[in-house]
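Reader: I should be grateful for a close look at one residue of this chain and at the part of the fold around it. Please then set that part in the context of the remaining architecture.

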Amino acid sequence: SAVSILPGQPTRVLQYAGRLMKGPEDTLTQLPGSYLGPLMRLHKGQKVRIHFRNELSEPTIAHWHGMHVPALMDGHPMYAMEPGETFVYEFEVLNRASFNIYHPHPHELTGRQVYHGLAGGILVNDEEEAALGLPAGEYEIPIVLQDRRFDADNQLVYVRHMHERMMGFHGDRILVNGRPDFAVEVASRAYRFRLMNGSNARIYKLGWDDATPVTVIGTDGGLLETPESKPYVMLAPGERLDVWMDFSGRAVGSQLVMRSLPFSGAFPMMARRMMGEMMHSALPPGSDYPLFTVRVGRRVSESPGLPRRLAKISRYTLADTANPDKPVPLEISEGPMSMLLNRRPYAHDDLQPFERIPLGSVQLLEIFHGHGGPEDGMEHGGGHGMGMHGGMGMGMMGHRGMGMMGGSGGMGMMMSMAHPIHLHGQPFQIISRTVNSAVLGDYASVRDGFVDTGWKDTVLAMPGERIRLIKPFQDFKGLFMYHCHNLEHEDMGMMREFSIE
Ligand code: C2O
Ligand code: CU
Ligand code: CU
């Protein structure tokens with residue numbers, strides 16, 4: 001279908017259209033003027049049935065990102081449906097209150113389908129959250145951040161060059177809930193912003209333009225125990241943040257802009273320059289640009305206060321895990337023309353021994369950059385990095401790139417980039433991050449922006465970073481994906497599966 005996004009020609013998009021057969025009236029609500037799928041409101045404990053019909057001319061399947069559902073209901077790529085087929089999903093909402101995502105998951109087609117419009121939000125609520133009396137209704141605002149590129153006829157432009165695949169596709173225009181130049185009018189009181197990074201590859205460093213701290217009350221898997229005040233917060237593809245903002249005392253007519261603030265290290269310097277120059281991008285990743293505007297439109301006298309205690313989260317310790325000395329590896333590697341996890345491209349049923357997980361166990365996992373990453377460069381000297389260089393250079397930019405490469409130093413470093421790693425199934429807890437000293441300079445520009453005290457299902461692994469997390473594998477046997485949520489990387493095969501057995 002076609003929607004008006006920019007002035008002029010309507011833009012052709014793919015869309016999730018929803019029709020409610022049974023359930024409360026607000027189960028499906030369309031965001032005004034948006035190509036996004038309807039916002040789905042579910043309640044913990046609710047039983048849900050969804051008839052999903054593929055009206056595209058290519059295979060697709062829907063995944064409920066963040067939701068803890070049986071393997072058969074998880075939208076595994078092996079269940080991708082041919083045009084005209086229907087899949088009936090049935091599951092019980094086991095998640096606590098949280099903001100989740102639905103999006104396609106067919107192998108090698110996910111990035112393109114999401115980019116062209118297939119994505120939507122799922123707001124799960126529960127009693128624990130309801131008891132807090134947080135801002136709701138018009139005072140709770142979903143914010144889905146995406147970047148897009150349009151041609152002269154307002155049609156979406158997707159990957160045309162190999163480097164757009166290697167780095168992940170970046171647009172030059174920010175859309176919020178499918179709208180450009182997004183602005184929202186608020187009353188002088190507290191609001192709850194439910195932020196989701198629905199971009200294919202773009203990483204945001206969120207901050208208010210007047211340097212008001214960002215008050216985070218929740219992450220991917222729901223509310224934190226207590227609010228956290230941050231100078232800025234990082235939001236990588238697939239991640240969500242629940243942000244409290246109180247406009248009490250602000251003058252009617254005043255406005256505040258949420259920006260993405262400058263940061264470095266997530267992409268090799270060379271790649272950033274390439275993306276800026278060759279694609280004439282107005283929005284190089286890691287630069288400073290506005291995301292949306294909030295205007296205070298009216299005065300009200302009452303506002304709820306920020307609760308000091310939000311929820312109960314019991315923290316896992318190593319003692320809870322089945323493998324405290326032997327973490328399940330999640331090794332990131334970047335090679336010429338490839339992005340891999342655990343050194344193998346995605347292939348269904350290509351299970352490695354450590355990918356078989358006993359049902360009911362709690363496991364320690366470790367994300368790290370192996371082969372070709374900065375740590376590798378450190379250990380093996382420059383020789384190795386050099387090889388990677390050449391390969392990447394050819395793949396990314398052909399001969400012209402090679403010359404440009406020569407001028408910049410930093411061997412293995414050049415190659416390495418940040419990857420948002422997502423694990424299907426139950427959410428996890430991050431227990432530690434350690435960073436290679438060679439990247440500390442860049443890391444300083446992001447390090448205060450991670451919220452690791454809550455439940456997560458996606459975590460941004462910066463170059464040179466090693467992240468330990470603890471994840472339960474309960475309730476359901478079967479195959480569950482883990483992958484990079486840079487969707488171009490995912491489609492390149494930076495995806496594998498756990499078999500819970
Ligand atoms: Cu949001 Cu397997 O993805
Ligand atoms: Cu998922
Ligand atoms: Cu990646």
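Author: T29 lies in strand β3. The model is a predicted one, and in it T29 counts as partly exposed because 15 C-beta neighbours fall inside 10 Å; a residue would need 20 or more to be called buried. When residues up to four places away in sequence are set aside, T29 touches P38 and L39. Another reference point is A190, which is 161 residues from T29 in sequence and 23 Å from T29 in space, C-alpha to C-alpha.

The strand that holds T29 belongs to an open sheet of 5 strands with mixed pairing, and the order is β3-β4-β9-β8-β6. Strands β3 (28-29) and β6 (62-65) stand at the edges with a single partner strand each, and therefore one side of each has no neighbour in the sheet. Further into this order, strand β4 (residues 39-43) runs parallel to strand β9 (residues 120-125), and 4 bridges join the two. Within that pairing, R41 has L123 of β9 as its bridge partner.

The domain assignment divides the chain into domain 1 (2-128), domain 2 (137-298) and domain 3 (318-500). Between domain 1 and domain 2, the C-alpha centres are 22 Å apart. Their contact draws 27 residues from domain 1 and 24 residues from domain 2. On the side of domain 1 that touches domain 2, at least two residues each are supplied by β2 (11-12), β8 (98-104), α1 (110-115) and β9. Of the contributors to this side, α1 gives the most, with 4 residues. By residue class, this side of domain 1 is made up of 13 nonpolar, 11 polar and 3 charged residues.

A second region to examine is strand β19 (residues 240-246). Strand β19 is mostly covered, with 6 of its 7 residues buried. Strand β14 (residues 190-197) pairs with β19 in the antiparallel sense over 7 bridges, and M196 has R240 in β19 as its bridge partner. Strand β16 (residues 214-219) also runs antiparallel to β19, to which 3 bridges join it. There, V216 is placed opposite V243 of β19.

A further open sheet has 5 strands in the order β23-β22-β25-β29-β27, again with mixed pairing. Its edges are held by β23 (338-341) and β27 (429-435); each has a single partner strand, so one side of each is left without a neighbour in the sheet. On average, and with direction ignored, neighbouring strands of this sheet are turned by 15 degrees against each other. The edge strand β27 runs antiparallel to strand β29 (residues 465-473), and 6 bridges join them. In this pair, S432 stands opposite R468 of β29.

Strand β28 (residues 458-461) shows how side chains are distributed about a strand. T458 and L460 point one way, V459 and A461 point the other way, and all are buried. Strand β26 (residues 419-423) pairs with β28 in the antiparallel sense over 4 bridges, with H419 opposite A461 in β28. Apart from neighbours within four places in sequence, A461 is in contact with I332, I367, A418, H419, I421 and I467. A461 also appears in the largest nonpolar core, which has 112 residues; L145, V233 and A461 are the members that touch the most other members. In soluble globular proteins, nonpolar side chains tend to be buried together.

Some figures for the whole chain complete the picture. The chain contains 9 helices and 31 strands. Of its 501 residues, 49% count as buried. Among contacts between residues at least 6 apart in sequence, 80% join residues at least 24 apart. To return to the starting point, T29 is partly exposed and sits in β3, a strand at the edge of its sheet with a single partner strand.

Conventions
Residues are numbered from 1 along each chain as its sequence is written. Chains are lettered from A and ligands numbered from 1 in the order in which they are written. This is a predicted model: local features need pLDDT of at least 70, side-chain atom pairs count only at pLDDT 80 or more; totals for chains, interfaces and linings use all residues. A residue is buried if 20 or more other C-beta atoms lie within 10 Å of its own, exposed if 12 or fewer, and partly exposed in between; C-beta atoms are placed from the backbone. Two strands pair if DSSP finds at least two bridges between them. Axes are lines fitted to C-alpha atoms, for helices over the stretch in contact, and angles run from 0 to 180 degrees between N-to-C directions. A nonpolar core is a set of buried Ala, Val, Leu, Ile, Met, Phe, Trp, Tyr and Cys residues joined through C-beta atoms within 7 Å. Two residues are in contact if their C-beta atoms, placed from the backbone, lie within 7 Å. Domain bounds come from an automatic or database domain assignment. Ala, Val, Leu, Ile, Met, Phe, Trp, Tyr, Cys and Pro count as nonpolar, Asp, Glu, Lys and Arg as charged, and the others, Gly among them, as polar.
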